[in-house]
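Visitor: I have this structure open and would like to go through it with you. Where shall we begin?

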Amino acid sequence: MLSMWKTWKELKSRGIMGINQRNGDYILKYNKRKYYPVVDDKIITKMRAIEEGIHVPELYGIIETEHDISKLDSILAGRTDFVIKPAQGAGGDGIIVIADKFDEKRFKTVSGRMISHSEIEYQISSILTGLYSLGGMRDRALIEYRVTPDSIFNSISYEGVPDIRIIVLLGYPVMAMLRLPTRQSSGKANLHQGAIGVGVDLASGITLKGTWLNEKIDKHPDTNNFVSGVQLPDWDNFMRLATRCYELSGLGYIGVDMVLDKDQGPLILELNARPGLNIQIANDTGLAMRNKIVEAHIADLKKKQRVEAPEERMRFSQEHFAVNFNK
Amino acid sequence: MRALTLHLKILIAILVGIGLFSIAYQVFVLKIPVQEDERGNYWTIDAKIDFYVRGSKPVRVQFFVPSEQNGYLRYIKSTDSLLAKDYGSSIEEDAHGNQLLTLSSRRESGLQTLYYRLALTQRDSLSTPKQIKGKTWRESIPLTEQQQVATKTLIDNIRQKSLDTATFITAAIKAVNDVKNDNVSLLLNNDKTIDNKVNVLELLLSQAHIPIQRVHTVRLIRGTNQKPELWIRSYIAPTVVKSNSDKNTNKTTTATNNPGTWVYFNPETGKTGLPDDRIIWWVGDDELLSVDNGNQAKVTFSIDNSELAAKGIISQMAGQKDASSFITYSLYSLPIQVQETYNVMIMIPIGVLVILVLRNIIGLQTLGTFTPVLIALAFRETGLGFGICLFTIIVTLGLSVRSYLEHLKLQMLPRLSVVLTFVVVLIAAISLFSHKLGLEQGLSVTLFPMVILTMTIERLSITWEERGGTNAFKVGIGTLCAASLAYLVMKIPALVYFVFTFPGILLILVGFMLAMGRYRGYRLTELRRFKALLKEG
């Protein structure tokens, strides 16, 4: 009992955020329900992003009804690699990533599994009935450009596409994490399913230590390479994209999921209105602590009756949340 | 809960205030018992009077009923009633403080059966009923020569063993019960019934001028055909140490204003004090019942402690015409059958509270928010042990069917429909089998638990699809634990009684829930989850 109290105190003093605090002090306070569809539906997110001139993976087509499934052939015509995902899915469920075309009726997934045309149709039908959507509502399936991960990740990732999540509070990036798929997560970048989360320094884009299933780790369990100390390329562009997602979504507290494409650079994948808390373990620091700094800064600006532009906000975060590597 | 705003604080204060006030009003003004414990101490005593009238004659029945004055001591009369058709009744008090009920009828014939019903409750009231004073001196009963010799020896013996009136009486009782003693045998004259022993005792004590009274008590124990038990009592002034020895002259009898007390003795053991489970029906040498023009008159007592105790009292209060308007609006004024339903329903917020605490403070993962409460309600019908088994079996089988159907590549809706249909069939089969095996519990699965089980399987299989088997298993176990806990809490009889009787508690609960709405602290499971952060400094 006493040690629990001590843990409590210690976590509090380090500004670690709990679920209750996240829900109450941030999501409930800054995320208006009417803006949720923007992040909950990947198609709307994509449309909005395109309007704002923010880079997203190219959309090949949308399937809305069972009848539409017959359009699949025309959408896939001439394509050998693509991704099919539910518009309202969460946590990477229901996504098929096709890497190659085998013959007329068969494709190959990233992991090399053979998948027939009818299996793809079945998957789309499952998506449409709402199997993967939040709350089981009818859903839409989208078919989009398959991201080819930058070669920088080859040594520290297992299959799948690593993604980068940046938590953005009122337009100020507060914390970043690189999520690396593992064999256990079966190529998915979802921490609940066993992917690794690696903290990223907001100022430089250099990776910090990692977390795997609530534990701290240094090495990738599959490749045995160090996950820390890697310089992510084009980091400022990641920061820029994340910062602008505040204007895009209208939500005050979001997790922005991005990928680094070999050819197209940073792309926005999706936004999350209820970002998880494991990012704190990966960064070895508390979200609440950083959020307080941002909130204080905004209160300060309000007094001066000033609003900062995305570029200024990004600079603020990079200045205040830089990790001192010489420590 | 630091983030409570003034608005919320006021709201909570108002709710808790109203809740506390209504409870306090009910407890202190309406005197509604706080605990249901009084269930065991709510007694109904039926005295059945039978007698036979030859021919057609006017009848007069006189019958003692317990009086406030002689006291039920630890009990309070809740109600009494008389079932005596065609009889007029009157009550008078005799010199001993007894209530004498007189029933009379101008013309009766044949077998007569009259009932007197008394309902008693135990109350923790400090004030003892007013008692009449008794005599502290009496004339000696004249003795025969033979008796004189015997009593003299006995009394000398008793004197030696005693120091005051109370101990004198005790010693006398012990002496009378010592049947091997020749002197006692002589006095008893071979009649060793308790009545005769008391007669001899009275004779002995009268030689020492100690008055005693016969006390006829009824024992509060479930049963029928009880005979009133005979005790004796003596009025003893408190400060007087009545020395019956001439040598103790320095301690004289001083008359005080202090009232004396009645001390009760068991005429067989000499023990003093009336046990808690006795009530005095009447006092004195008179017969309990006297009937003019009746034959074969007898009284039989049947005693029961009612199941409805505290609730019974409240229902009665609610039923009375002059009841306070507050109580007439209590749930007790509803028909009994409806009350049963509300008994269950009003506990739902308590169950929800349990889930709230488990989820938001402890951090247990459950399937949805209120599913565990619904499962807990289903457990009410099946019982906990059987309920958990049933839940586990059906959910496991339901999910295995689901995973089999996955291979058939069916669409979600038809697939779930198949699962649900299968569950219904499964439950029906279980009911049938357990019935054949003689386990009546299998039949307890009515529509309600069935609907809840199918719902649970649907939600669990969706969780399985979305989050994987491990997660579904974790959530399933969490749900089962939460449901069991909620069930156990919702079943605590004292709590059920309290919430049902004092619905104001629900407002206090709402106050707590509102405060919880601003709870920003860690969940206990998070302490473990984030422990990695605290390692290596």
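Guide: We may begin with burial: a residue is buried under 20% relative accessible area, exposed over 50% and partly exposed in between, with a 1.4 Å probe and protein chains only. By that scale, B:Cys481 is partly exposed, with a relative accessible area of 44%. The model is predicted: local features need pLDDT of at least 70 and side-chain atom pairs pLDDT 80 or more, whereas totals for chains, interfaces and linings use all residues. Residues are numbered from 1 along each chain as its sequence is written, chains are lettered from A and ligands numbered from 1 in the order in which they are written, and side-chain values use heavy atoms, without hydrogens and water.

Visitor: And B:Cys389, buried or exposed, or in between?

Guide: B:Cys389 is partly exposed, at a relative accessible area of 45%.

Visitor: How many disulfides are there over all chains?

Guide: Taking a disulfide as two cysteine sulfur atoms within 2.5 Å, the structure holds zero over all chains.

Visitor: Let us turn to empty space. How many cavities does a search of the whole structure find?

Guide: The search finds three cavities of 30 Å³ or more. A cavity is a set of points on a 1 Å grid over the protein atoms alone where a 1.4 Å probe fits but cannot get out; its lining residues have an atom within 4 Å of a point. Points are joined across faces, edges and corners, and the volume is the space filled by probe spheres set on them. The largest cavity holds about 80 Å³ of space.

Visitor: Which residues line the largest cavity?

Guide: The lining is made up of B:Ile375, B:Ala378, B:Phe379, B:Thr382, B:Gly387, B:Leu390, B:Phe391, B:Pro449, B:Ile452 and B:Leu453. Three elements of chain B give two or more residues each: α10 (371-382), α11 (384-407) and α13 (447-467). Helices here are DSSP runs of H or I of at least four residues, strands are runs of E of at least two, and both are numbered from the N terminus.

Visitor: Which of them gives the largest share?

Guide: The largest share, four residues, comes from α10(B). One of the lining residues is B:Phe379, and B:Phe379 is buried at a relative accessible area of 2%.

Visitor: How many aromatic pairs does the structure hold over all chains?

Guide: There are 16 over all chains. In one of them, B:Phe379 meets B:Tyr487 edge-to-face, 6.0 Å centre to centre and with 90 degrees between the planes. Rings of Phe, Tyr and Trp (its six-membered ring) pair if their centres lie within 6.5 Å; planes under 30 degrees apart count as stacked, over 60 as edge-to-face and the rest as tilted.

Visitor: What does the pair of B:Phe379 and B:Tyr487 tie together?

Guide: B:Phe379 belongs to helix α10 of chain B and B:Tyr487 to helix α14 (residues 469-491) of chain B, so the pair ties together parts 108 residues apart in sequence. B:Tyr487 is buried too, at 9% relative accessible area. Another pair is that of B:Phe498 and B:Phe502: the ring centres are 4.8 Å apart and the planes at 45 degrees, so this pair is tilted. Both B:Phe498 and B:Phe502 are buried.

Visitor: Which residues do ring pairs link into a cluster?

Guide: B:Phe63, B:Tyr116, B:Trp281 and B:Phe301 are linked in this way.

Visitor: A change of topic: what is phi at A:Asp234?

Guide: A:Asp234 has a positive phi near 60 degrees, although the residue is not glycine. A:Asp234 lies in the loop between β11 (215-217) and α7 (235-249) of chain A and is partly exposed, at 38% relative accessible area. B:Gln296, likewise not a glycine, has a positive phi of about 50 degrees. B:Gln296 is in strand β11 (residues 295-305) of chain B and counts as exposed, at 62%.

Visitor: Finally, how far apart in space are A:Val39 and A:Ile254?

Guide: Their C-alpha atoms are separated by 9.0 Å, although the two are 215 residues apart along the chain. A:Val39 is in helix α3 (residues 36-40) of chain A and is buried, at 3% relative accessibility. In chain B, the C-alpha atoms of B:Glu268 and B:Lys174 are separated by 7.5 Å, with their positions 94 residues apart along the chain. B:Glu268 lies in the loop between β8 (261-265) and β9 (278-283) of chain B and counts as partly exposed, at 46%.

Key: 1 Å grid on protein atoms, 1.4 Å probe; cavity = no way out; pocket = protein on both sides within 12 Å on 5 of 7 lines; lining within 4 Å.
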